[in-house]
Protein chains: 2
Amino acid sequence: MEFTLEDISEDEVQRRREVYAPLADTVRELVDAVIRTQVSDDVIADARQRIAEVVAELQTDQIDGPYGVRYTREFTGMPWGNAVIGLRNAIAPPIVTELEPEGVRSTFTLGAAYEGPPGHVHGGVCAMILDHVLGEGASADKVPCYTGTITMRYLRPTPLGELVAQSWITERDGRKKIVHGTLSDANGVTVEADGVFIVPKTWNGTMPRAKKG
Amino acid sequence: MEFTLEDISEDEVQRRREVYAPLADTVRELVDAVIRTQVSDDVIADARQRIAEVVAELQTDQIDGPYGVRYTREFTGMPWGNAVIGLRNAIAPPIVTELEPEGVRSTFTLGAAYEGPPGHVHGGVCAMILDHVLGEGASADKVPCYTGTITMRYLRPTPLGELVAQSWITERDGRKKIVHGTLSDANGVTVEADGVFIVPKTWNGTMPRAKKG
């Protein structure tokens, strides 16, 4: 797995954020509207045609393959294609995690696009977000690691709406870090997660830690 | 959680599939193009404007809140807003599972929108899909159940591209069903999953089982 160097300034990173984030946000609104619309078949057919035209235009110049994970020389990360946090990826809510003294925390809102049981978040989406947030919590000590195992305990259905995900390291044992996390609504925890994360054998204790992208 | 009755014929279900599936497929292409495009800022701004116009038109008549899970009187399911299998949900790949003698199986392709590590599927996306496929495998015996716990073991990174997910019940113990599943690429298993599913106390053994939507 190769990371990509983008030799650009911090100003250019910020400029690109301002170009792509609004586009992806509008596509997020489109995803929601396509699920919930009740307009006539003719309007649907016309909408599809107009979206196809935009797609064709965007595809006239595009990178070959997926976006990858990009960093500047200053180690500013641009994981903008990422399925959970990517600012260019309309599938991503996107989650933004904040570093806290004890780990990481993220507050976000999930709408119709994340539904499983009626009115509730798909259990798989809860797992997707907790997997990511546990990974961020596992790396909060700046020692890189990858996910070994992860276990979800579904305590009760998670309603769509505003949610909080948190995680923190509970134990270290050689190259293993044990991480605990929760997904909560206003009434408390809905899903608990435990993960075992592994520090690579090749880690030499000096790998630079990228800043948030 | 309430399921919604749509009092429509099988022909009408099929007609609606043919209206919405192509629209959502085109939005899936748009999500991919927004991640990978390199067109100029002007073209991006224009694309955003045109998508916003389509969104406004689709929103002129829409349902209040998320899509829910709908059934016809013949118990044909229409989980079309579902985050993993919804044919109207551009976030969903969508996964289609086939019933096999021993459980369920799904073959699908994941592109740039599902990326985590460079060129590879986000671990959380693997968890999301396995959560869903284990749930389908758990219900393959037509006895309804909900997810209690689910554990993922990441054996190696999962490359983007064509993948297979499978699951089957390995054990029954009172109201518990133990379910095993795998995610595989052409070279074998990349992620293993184990789940404990619980049959509701209220189940009386006669609940009708909906057909696939």
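From the N terminus onward, the secondary-structure elements of chain A in this predicted model follow the order β-α-α-β-β-β-β-α-β-β-β-β, and chain A has 3 helices and 9 strands. The C-alpha trace of chain A extends over about 60 × 45 × 25 Å along its principal axes.

Within chain A, 3 strands are arranged as an open sheet in the order S1-S2-S3, with mixed pairing. The edges of this sheet are held by strand S1 (4–5) and strand S3 (77–78) of chain A, each of which has a single partner strand, so that one side of each is left without a neighbour in the sheet. Strand S2 (residues 70–71) of chain A runs antiparallel to S3(A), to which it is joined by 2 bridges, and A:Tyr71 has A:Gly77 as its bridge partner in S3(A). The loop between S2 and S3 of chain A contains A:Phe75, a residue other than glycine whose phi is nevertheless positive, near 65°.

The loop that follows S3 is marked by its backbone geometry in both chains. In chain A, the peptide bond between A:Pro93 and A:Pro94 is cis, with omega at about -20°, and A:Pro94 is located in the loop between S3 and strand S4 (98–100) of chain A. In chain B, a cis peptide bond with omega near -20° leads from B:Pro93 to B:Pro94, and B:Pro94 is placed in the loop between strand S3 (77–78) and S4 of chain B.

Further strand pairing is described here for chain B. Strand S4 (residues 98–100) and strand S5 (residues 103–110) of chain B are paired in the antiparallel sense through 3 bridges, and the connection from S4(B) to S5(B) is a hairpin of 2 residues. In this pairing, B:Leu99 is positioned opposite B:Val104 of S5(B). S5(B) also pairs in the antiparallel sense with strand S7 (residues 161–173) of chain B, in this case over 7 bridges, and B:Leu110 finds its bridge partner in S7(B) at B:Gly161. In a regular strand, the side chains alternate between the two faces of the sheet.

Over all chains, the structure contains 30 salt bridges. One of these is formed by A:Arg156 and A:Asp185, whose closest N and O atoms are 2.8 Å apart. This pair links distant parts of the chain, with A:Arg156 in the loop between S6 and strand S7 (161–173) of chain A and A:Asp185 in strand S8 (residues 176–185) of chain A, the two residues being 29 residues apart.

Turning to the relation between the chains, chain B is superposed on chain A by a rotation of 180° with 0.0 Å of shift along its axis, at an RMSD of 0.0 Å. That is the relation of a two-fold axis. Among the residues of chain B, the closest approach to the rotation axis is made by B:Thr151, the C-alpha of which lies at 2.1 Å. Across the chain boundary, strand S6 (residues 146–154) of chain A and S6(B) run antiparallel and are joined by 5 bridges, with A:Arg153 standing opposite B:Thr149 of S6(B).

The contact between the chains involves 81 residues from chain B and 81 residues from chain A. Because 100% of the interface residues of chain B are also interface residues in chain A, the copies meet through the same surface. Together, chain B and chain A bury about 7500 Å² between them, and 64% of this area is on carbon and sulfur atoms.

Polar interactions accompany this buried area: 4 salt bridges are counted between chain B and chain A, including one in which the side chains of B:Arg15 and A:Asp41 meet at 2.2 Å, N to O. In addition, 41 residue pairs are in polar contact between chain B and chain A, with both residues at pLDDT 80 or more. On the side of chain B that touches chain A, two or more residues are given by each of helix H1 (10–36), helix H2 (41–58), helix H3 (123–138) and strand S6 (146–154) of chain B. The largest share of that side, 15 residues, is contributed by H1(B). By residue class, the side of chain B that touches chain A is divided into 43 nonpolar, 22 polar and 16 charged residues.

How values were computed. Residues numbered from 1 in each chain as written. Chains lettered and ligands numbered in written order. Predicted model: local features only at pLDDT ≥ 70, side-chain atom pairs only at ≥ 80, totals over all residues. Heavy atoms only, no water. Least-squares fit on C-alpha atoms with pLDDT ≥ 70 in both. Contact = heavy atoms within 4.5 Å. Buried area = accessible area lost by both parts, 1.4 Å probe. Polar contact = N/O pair within 3.5 Å; in protein donor to acceptor, adjacent residues only side chain to side chain. Helix = DSSP H or I, 4+ residues; strand = E, 2+ residues; numbered from the N terminus. Nonpolar A, V, L, I, M, F, W, Y, C, P; charged D, E, K, R; others polar. Pairing = 2+ DSSP bridges.
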